[in-house]
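Please look through the sequence and the three-dimensional model shown below before reading on. The paragraphs that follow lead from one residue to its surroundings, and then to the chain as a whole.

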Amino acid sequence: MERPRMGRKMKRKDEKNMDELLFTIIKLLVIVVIIVVMRYGIPLLKSLIENTKLNEAVKWAKWAVDSAEQTIKKGGSGAEKKAIVTQFLKEILIEKNIALSDAQLDALIEAAVFAINSNKEGA
């Protein structure tokens, strides 16, 4: 009658070792997943967010330039329109928490003006 009891103890010990081994494997897998997410996932997410912000800034720039062209047709010089658009865009971009330098903002406005003028010539 002693042997079956010894077998049960051995079986429990083997089960305990298997549980520890399985737990160790799961811990390693979790560590690997965390490392992969930190290495590739976070930079990818950051670039997606930056692209989204840039696309939103481009959309606002096109809208502001188009609005300025339509509302300030007579008596408004290009510099006046640009100053109005620049001020409007700075306010919107601050509100939307999008940081752009003045040079980037100028380039965005010029690109929007170019796109509008190209559409006018093509129509």
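**From one residue to the whole chain**

Ile34 is found in helix α1, which covers residues 2–71. The model in front of you is a predicted one, and the values discussed here are to be read with that in mind. Is Ile34 buried, exposed or partly exposed? Since buried means under 20% relative accessible area and exposed means over 50%, Ile34, with a relative accessible area of 47%, counts as partly exposed. Ile34 also belongs to a nonpolar patch on the surface, to which Leu22, Ile26, Val30, Val33, Val37, Met38 and Ile42 contribute as well, and the area of this patch is about 730 Å².

We can now turn to helix α2, which consists of the 18 residues 78–95. At 1.5 Å a residue, this helix should span 26 Å, and because its end C-alpha atoms are 26 Å apart in the model, the expected and the computed spans agree.

Which residues of α2 are buried? They are Lys81, Val85, Thr86, Leu89, Ile92 and Leu93. When the helix is viewed down its axis, these buried residues fall within an arc of 135°, and therefore they line one face of α2. On the other side of α2 one finds Ala79, Ile94 and Glu95, which are exposed. Just after the helix comes Asn97, a residue that takes a positive phi of about 60°.

Thr86 is worth a separate look, as one of the buried residues of α2. Its relative accessibility is 15%, and because buried means under 20%, Thr86 counts as buried. If its neighbours within four places in sequence are left aside, Thr86 is in contact with Leu105 and Ile109.

Finally, we can step back to the protein chain as a whole, which has three helices and zero strands, so that its pattern, read along the sequence, is α-α-α. Of the 123 residues in the chain, 16% count as buried. The accessible surface of the chain comes to about 10200 Å², and 63% of this surface belongs to carbon and sulfur atoms. As for contacts between residues at least 6 apart in sequence, 65% of them join residues that are at least 24 apart.

Technical notes:
Residues numbered from 1 in each chain as written. Predicted model: local features only at pLDDT ≥ 70, side-chain atom pairs only at ≥ 80, totals over all residues. Heavy atoms only, no water. Patch = residues over 30% accessible without salt bridge, like charges linked within 9 Å, V, L, I, M, F, W, Y side chains within 5 Å. Areas by Shrake-Rupley, 256 points an atom, 1.4 Å probe, with all protein chains shown as cover. Salt bridge = Lys/Arg side-chain N within 4 Å of Asp/Glu carboxyl O. Helix = DSSP H or I, 4+ residues; strand = E, 2+ residues; numbered from the N terminus. Buried < 20%, exposed > 50% of the residue type's maximum accessible area, 1.4 Å probe, protein only. Expected span 1.5 Å × (residues − 1). Arc of directions from axis to C-beta. Contact = heavy atoms within 4.5 Å.
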